[in-house]
Structures are given as C-alpha cells and as structure tokens.
Amino acid sequence: MDMGRESRWEKDAMTVEIAFALVTAAALAGAVFAVALTLTLVLDLSDAASEGVRTGGALAGGAVGVWRLVRVLCRFDVERRKGH
C-alpha cells in the first residue's frame, strides 16, 4: 500500500468513521445528561441541589462523549494501520 496517499475508499471510510464517532459520542453524552435530568425531576431536589446534579450530569456527559470519540477514532486508526 502506498503510505503517501490514501485511496478514495480509505478517505470515505475515514469520513464514515468520524461521523459514526461523533453521532455515538453525542448520543452517549445526551443519555448521561438525561439520566441526571431525570434524577432531578424524580427526586424533587431543591434548586441548588438540582442545579448541581444537572451541572455534574453535563460535565459527566461531556467527558463520556469525548472518551467515546477518542476511543472510536483510536480503534479505527489501529485497524487502519494493520491494513484491515
């Protein structure tokens, strides 16, 4: 394989993998935040506690989303380097 240039198929595969990583990361981050939001609604917390749980949920959701994005793209890069 020519390491200097990528074929059209390889570029398309990278584009699909990036889109997959972004969509799944956003979905996972949204799910984590939704759990935190649901907790605030179900437990009927005070305003300060509710805001703290929502902020923590947003931070946790963002962290999980970034983790998913990096994990998918790193796994794709490893497979690409193997030649699969």
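Guide: A salt bridge is a side-chain nitrogen of Lys or Arg within 4 Å of a carboxyl oxygen of Asp or Glu. The model discussed here is predicted.

Visitor: What makes R80 and D77 a salt bridge?

Guide: The closest N and O atoms of R80 and D77 are 2.9 Å apart. The cut-off is 4 Å, so the pair qualifies.

Visitor: Where do R80 and D77 lie?

Guide: Both belong to helix α2, residues 47-82, and are 3 residues apart, about one turn of the helix.

Visitor: Why is R80 called partly exposed?

Guide: R80 has 27% relative accessibility. Partly exposed covers values between under 20%, which is buried, and over 50%, which is exposed, so R80 counts as partly exposed. D77, at 25%, is likewise partly exposed.

Visitor: With which residue does D77 form a salt bridge at 2.9 Å, besides R80?

Guide: D77 also forms a salt bridge with R81, with the closest N and O atoms 2.9 Å apart. D77 and R81 are 4 residues apart in helix α2, and therefore separated by about one helical turn. Salt bridges thus link D77, R80 and R81 in a network.

Visitor: Why is R81 called exposed?

Guide: Its relative accessible area is 63%, and exposed means over 50%, so the term applies.

Visitor: How do you know that R8 and D12 meet in a salt bridge?

Guide: Their N to O distance is 3.4 Å, and the rule asks for within 4 Å, so the criterion is met. R8 is exposed at 58%, whereas D12 is partly exposed at 37%.

Visitor: How many salt bridges does this rule give?

Guide: The count comes to 4.

Notes
Residues numbered from 1 in each chain as written. Predicted model: local features only at pLDDT ≥ 70, side-chain atom pairs only at ≥ 80, totals over all residues. Heavy atoms only, no water. Buried < 20%, exposed > 50% of the residue type's maximum accessible area, 1.4 Å probe, protein only. Helix = DSSP H or I, 4+ residues; strand = E, 2+ residues; numbered from the N terminus.
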